[in-house]
Structure formats: C-alpha cells, structure tokens
Amino acid sequence: MAELRVVGVEGLPEVEEGMSVGAEIAARAELRDGDVVVVSQKIVSKAEGRVRQLSSAIPGGEARRLAAVLGKDPALVELILEESREVLRAERGVLIVETRHGFVCANAGIDSSNLPEDGAVCLLPEDPDASARRIRAEIRAAVGVSAAVIVADSFGRAWRLGQSEVAIGCAGTAPLDDWRGRADANGRELEATAIATADELAAAADLVRDKASRVPAVVIRGLAHQVSADDGPGAAALRRPKAEDLFR
C-alpha cells in the first residue's frame with residue numbers, strides 16, 4: 001500500500017537576506033534521494049531581499065484612488081500596483097490582481113505576517129521557479145541528495161472559502177500529472193483530468209505546521225517516483241492561460 005510521510009523541519013534560524021535556504025534546511029533535515037522539500041515563500045523572499053518598508057513606497061494617483069475605495073494603506077496599494085500587470089477586481093475591500101509572474105491573487109501576494117520589523121511587508125520572489133531551482137542546487141551541494149523543491153504560498157480559491165497552500169515555484173517534479181487520454185478504473189477514457197500534484201504537495205506540507213509554528217520547511221517522503229533528475233518546467237506550467245480563464 002502507498003504511504004506518505006510529512007515531517008516539519010525544526011530549528012531553522014530567522015532567515016535574513018543572503019542566507020542559503022537550501023543549506024540551512026539540509027543541515028537540519030535527514031534528507032534522502034527522492035524527498036520533496038516544501039519551503040514557505042516567506043523565507044525564500046526574505047533570503048532574496050524581497051522585504052520592503054511601507055514608508056519607502058510613494059503612492060501615486062491610482063494607488064491613492066484605490067486605497068480610498070478599498071480602505072487600504074496607500075503605500076501598500078502602491079507596492080501592489082508595482083508588482084502587478086493588471087488590476088482585475090477592486091471592491092469590498094479586496095484587491096485582486098494579476099502579478100508580474102502571471103499569478104491571479106489578492107494583493108499581489110504581499111503580506112506582513114511573520115516579519116520581525118514593524119511597518120515591513122514581504123513581496124513574492126521575483127522568479128519563484130528560479131528560487132526552487134537554486135534551493136534544490138544548494139541542497140545537492142550541501143549533502144549530495146537529489147530532492148525536489150516546492151516554494152509554497154497561501155492563495156484563495158475561486159468557488160471555495162478559505163485559503164490553501166499552492167506551488168508558486170517548483171524544481172525536480174512535474175507540477176501536473178496529465179491523465180487525459182488514459183483510462184479510468186472502468187476503462188473509460190479520461191478527457192479533462194490533470195492533477196495539480198505540486199499544489200497537492202504544497203497543501204499536504206501545510207497540514208504539519210501552522211502560521212505561528214516557525215516551521216517554514218517540510219519534507220515529504222514516499223513519492224520518489226515523482227522526483228526527476230531534471231528541474232522540469234516549474235510551477236509556471238500551472239498558470240491557466242488568460243483565454244481559458246472563465247473569470248475574466
């Protein structure tokens with residue numbers, strides 16, 4: 001019978017700009033070939049210097065207009081706009097945008113949780129797939145292990161309440177397991193099934209920690225068959241093309 005083990009990596013220090021996230025994890029986890037390491041976006045962003053003081057943002061006219069409509073800090077709205085390609089919704093206190101990466105989410109993924117400085121906010125990594133590839137290489141260099149890496153963040157979901165962890169970056173594992181054209185248990189051909197495995201791994205990791213646990217990394221064991229020698233296409237493959245987005 002298939003079995004999955006999900007274990008939090010404890011004892012990680014407060015991450016600062018320039019730190020090697022992969023090396024810090026490798027020093028505290030007994031990693032094996034075929035493991036999947038799920039890392040919180042927050043520590044990746046910290047290591048990459050993606051923390052900003054709100055006081056450093058100078059709100060423009062559009063930021064001030066949206067801030068007045070939504071009841072938000074104009075400086076925060078300015079940062080959101082700087083990180084966005086397009087504003088999709090601005091109502092009922094919610095600002096939904098498409099980020100420069102192509103993610104559709106609230107506030108361009110910017111938040112202030114789990115930051116030691118008052119008035120600071122954390123932006124998403126500039127290229128989360130590149131971040132995952134780098135952390136994977138750091139782990140390999142530190143302990144010689146071939147593990148997959150997923151960079152995870154909390155996103156809201158259309159049609160459903162609550163947030164769930166999703167993969168915004170990944171390396172060493174296919175983000176999608178496409179079953180279209182295969183047969184189900186009764187021999188019928190599947191026409192629409194494509195399993196978002198990277199998102200499911202990100203969500204599984206979140207079950208062994210919480211937002212106040214100070215456990216920003218998790219090791220998942222039991223899915224070595226999903227870990228590849230190459231880095232793969234990254235989580236960019238999970239983004240739905242705009243032409244197929246029924247919400248726009």
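**Figure 1. Glu48 is partly exposed, with 25% of relative accessible area.** This is a predicted model, so please read the close-up, and the ones after it, as a prediction. Glu48 pairs up with Arg134 in a salt bridge whose closest N and O atoms sit 2.1 Å apart. The pair ties together distant parts of the chain, with 86 residues separating the two partners. Glu48 belongs to the loop between helix H2 (41–47) and strand S3 (51–53), while Arg134 comes from helix H5 (residues 128–143). Does Arg134 count as buried, partly exposed or exposed? Its relative accessible area is 36%, and that falls between the 20% and 50% cut-offs, so Arg134 is partly exposed.

**Figure 2. Glu24 and Arg28 make a salt bridge.** Here the closest N and O atoms are 2.7 Å apart. How open is each partner? Glu24 has 22% relative accessibility, so it lands in the partly exposed class, which starts at 20%. Arg28 is also given as partly exposed, its relative accessible area being 36%.

**Figure 3. Arg92 and Glu91 are salt-bridge partners.** For this pair, the closest N and O atoms lie 3.2 Å from each other. Arg92 is exposed, because its 77% relative accessibility is over the 50% cut-off. Glu91, on the other hand, is partly exposed at 39% relative accessible area. Elsewhere, salt bridges with shared partners knit Arg50, Glu83, Arg100 and Glu126 into one network. The structure's full tally is 16 salt bridges.

**Figure 4. Ser45 sits in helix H2.** Is Ser45 buried or exposed? Its relative accessible area is 0%, which is under the 20% cut-off, so Ser45 is buried. Which residues does Ser45 touch, once those up to four places away in sequence are set aside? The list runs to Arg50, Cys122, Leu123, Leu124 and Pro125. Arg50 turns up again here, as it is also a member of the salt-bridge network with Glu83, Arg100 and Glu126.

**Figure 5. Ser112 lies in the loop between strand S6 (104–106) and strand S7 (120–122).** With a relative accessible area of 49%, Ser112 is under the 50% cut-off for exposed and therefore counts as partly exposed. Apart from neighbours within four places in sequence, Ser112 has Ala120 and Val121 as contacts. The C-alpha atoms of Ser112 and Val51 are separated by 9.3 Å, though the two residues are 61 apart along the chain.

**Figure 6. Zooming back out, the protein shows six helices and 12 strands.** Its C-alpha atoms fill a box of roughly 55 × 45 × 25 Å along the principal axes. What radius of gyration would a compact globule of 248 residues have? The answer is near 18 Å, and the protein's 19 Å agrees with that. Of the 248 residues, 43% are buried. Take the contacts between residues at least 6 apart in sequence: 60% of them join residues at least 24 apart. About 13200 Å² of the protein is exposed, with carbon and sulfur atoms supplying 49% of that area. On the charge side, there are 31 positive and 40 negative side chains, and the centres of the two sets are 3 Å apart.

How values were computed: Residues are numbered from 1 along each chain as its sequence is written. This is a predicted model: local features need pLDDT of at least 70, side-chain atom pairs count only at pLDDT 80 or more; totals for chains, interfaces and linings use all residues. Side-chain values use heavy atoms; hydrogens and water are left out. A salt bridge is a side-chain nitrogen of Lys or Arg within 4 Å of a carboxyl oxygen of Asp or Glu. Buried means under 20% relative accessible area, exposed over 50%, partly exposed in between (1.4 Å probe, protein chains only). Helices (H or I, at least four residues) and strands (E, at least two) are DSSP runs, numbered from the N terminus. The radius of gyration is taken over C-alpha atoms; the globule rule is 2.2 Å times the number of residues to the power 0.38. Contact means heavy atoms within 4.5 Å. Accessible areas come from the Shrake-Rupley method with a 1.4 Å probe; for residues, only the protein chains shown count as cover. Lys and Arg count as positive and Asp and Glu as negative; His and the chain ends are not counted. The place of a charge is taken as NZ of Lys, CZ of Arg, CG of Asp or CD of Glu.
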